[in-house]
Amino acid sequence: MSEHDRDSLLAEAVGLREQGQAAEARERLLMLAAGHPEDAEVAYQTAWVHDVLGLEAEAVPFYERSLRGTGLSEEDRHGALLGLGSTYRVLGQYAKAVETLRLGVAEFPADGALQSFLAMALFNTEQHHEAMQILLSLLATTSQDAYVQRYRRAIEHYAQDLDETV
């Protein structure tokens, strides 16, 4: 298959997913992935369509393959880290979720979604203090709520040590 054919089939499958025809997109992506097993972009799109269909366990190997490969755009790498981390969490693989989401936060530190999913995974691994620290810091820095902003310094301070007393 030529590179042009691969690009056309991939674009068609992504279009189908975006139009709500995920099952049809999945069929095409599985064929494309079989013919291009080392293609990170194809693997990522295949993982994504499995997630859309609620087939999380089937999405995992494609997410993993996409992250092992090269050629993902920064946006797709971000999506693959978030997708894999959140999928691990949904499947109860909390330690893998934390590991993957920590990697995502390290690479994309300003992303509040990655931080939120990391906090959820930390909660699942009973790392409640760190989960609260992340969420309070995120709340303080991203909330437009006037009252949160009024107390932002205090929230940020206590986020560092929730056990602090006077």
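**Exercise 1. The surroundings of Tyr63**

Task: Which residues is Tyr63 in contact with, leaving aside its neighbours within four places in sequence?

Solution.
Step 1. Start with the term: contact means heavy atoms within 4.5 Å.
Step 2. Now look around Tyr63, skipping neighbours within four places in sequence: you find Tyr44, Ala47, Trp48, Asp51, Gly79, Ala80, Gly83, Leu84 and Thr87.

A word on the model before going on. This is a predicted model, in which local features need pLDDT of at least 70 and side-chain atom pairs count only at pLDDT 80 or more, while totals for chains, interfaces and linings use all residues. Residues are numbered from 1 along each chain as its sequence is written, and side-chain values use heavy atoms, with hydrogens and water left out.

**Exercise 2. The cores**

Task: How many residues does the largest nonpolar core have, and which elements give two or more residues to it?

Solution.
Step 1. A nonpolar core is a set of buried Ala, Val, Leu, Ile, Met, Phe, Trp, Tyr and Cys residues joined through side-chain atoms within 4.5 Å. Buried means under 20% relative accessible area, exposed over 50%, and partly exposed in between, with a 1.4 Å probe and protein chains only.
Step 2. The largest core has 37 residues, and Tyr63, Leu101 and Leu118 have the most contacts inside it.
Step 3. Two or more residues each come from helix 1 (3-18), helix 2 (22-35), helix 3 (40-52), helix 4 (56-68), helix 5 (74-90), helix 6 (94-107), helix 7 (112-124) and helix 8 (128-142). Helices (H or I, at least four residues) and strands (E, at least two) are DSSP runs, numbered from the N terminus.
Step 4. There is also a second, separate core of 5 residues, including Leu136, Ala140, Val148 and Ala159.

**Exercise 3. Helix 4 against helix 5**

Task: At roughly what angle do the axes of helix 4 and helix 5 cross?

Solution.
Step 1. Axes are lines fitted to C-alpha atoms, for helices over the stretch in contact, and angles run from 0 to 180 degrees between N-to-C directions.
Step 2. The two axes cross at roughly 145° and come within 9 Å.
Step 3. The crossing is left-handed, a term used if the near helix is turned anticlockwise from the far one by less than a right angle (right-handed if clockwise).
Step 4. On the helix 4 side, Tyr63 is back, together with Glu56, Val60, Glu64, Ser66 and Leu67; among their partners in helix 5 are Gly79, Ala80, Gly83, Leu84 and Thr87.
Step 5. Sorted by class, this contact has 8 nonpolar, 4 polar and 3 charged residues. Here Ala, Val, Leu, Ile, Met, Phe, Trp, Tyr, Cys and Pro count as nonpolar, Asp, Glu, Lys and Arg as charged, and the others, Gly among them, as polar.

**Exercise 4. Helix 5 against helix 6**

Task: How far apart are the axes of helix 5 and helix 6, and at about what angle do these helices pack?

Solution.
Step 1. The axes are 7 Å apart and the angle is about 155°.
Step 2. Helix 5 and helix 6 are therefore roughly antiparallel. Angles under 35 degrees count as roughly parallel, over 145 as roughly antiparallel, 65 to 115 as roughly perpendicular and the rest as oblique.
Step 3. Helix 5 passes helix 6 in a left-handed crossing.
Step 4. Residues making the contact include Leu81, Gly85 and Ser86 of helix 5, and Tyr94, Ala97 and Leu101 of helix 6.
Step 5. Ser86, placed in helix 5, is buried at a relative accessible area of 17%. Beyond four places in sequence, Ser86 is in contact with Leu101 and Phe117.

**Exercise 5. Helix 7, helix 8 and the loop between them**

Task: Is Glu126 buried or exposed?

Solution.
Step 1. Find the two helices: the axes of helix 7 and helix 8 come within 8 Å and cross at roughly 155°. That makes helix 7 roughly antiparallel to helix 8, and their crossing is left-handed.
Step 2. Glu126 sits in the loop between helix 7 and helix 8.
Step 3. With 65% relative accessibility, Glu126 counts as exposed.
Step 4. Check its backbone too: phi of Glu126 is near 60°, a positive value in a residue other than glycine.
Step 5. Compare Asn124, which lies in helix 7 and is partly exposed at 23%. Asn124 touches Arg89 and Tyr94, not counting residues up to four places away in sequence.
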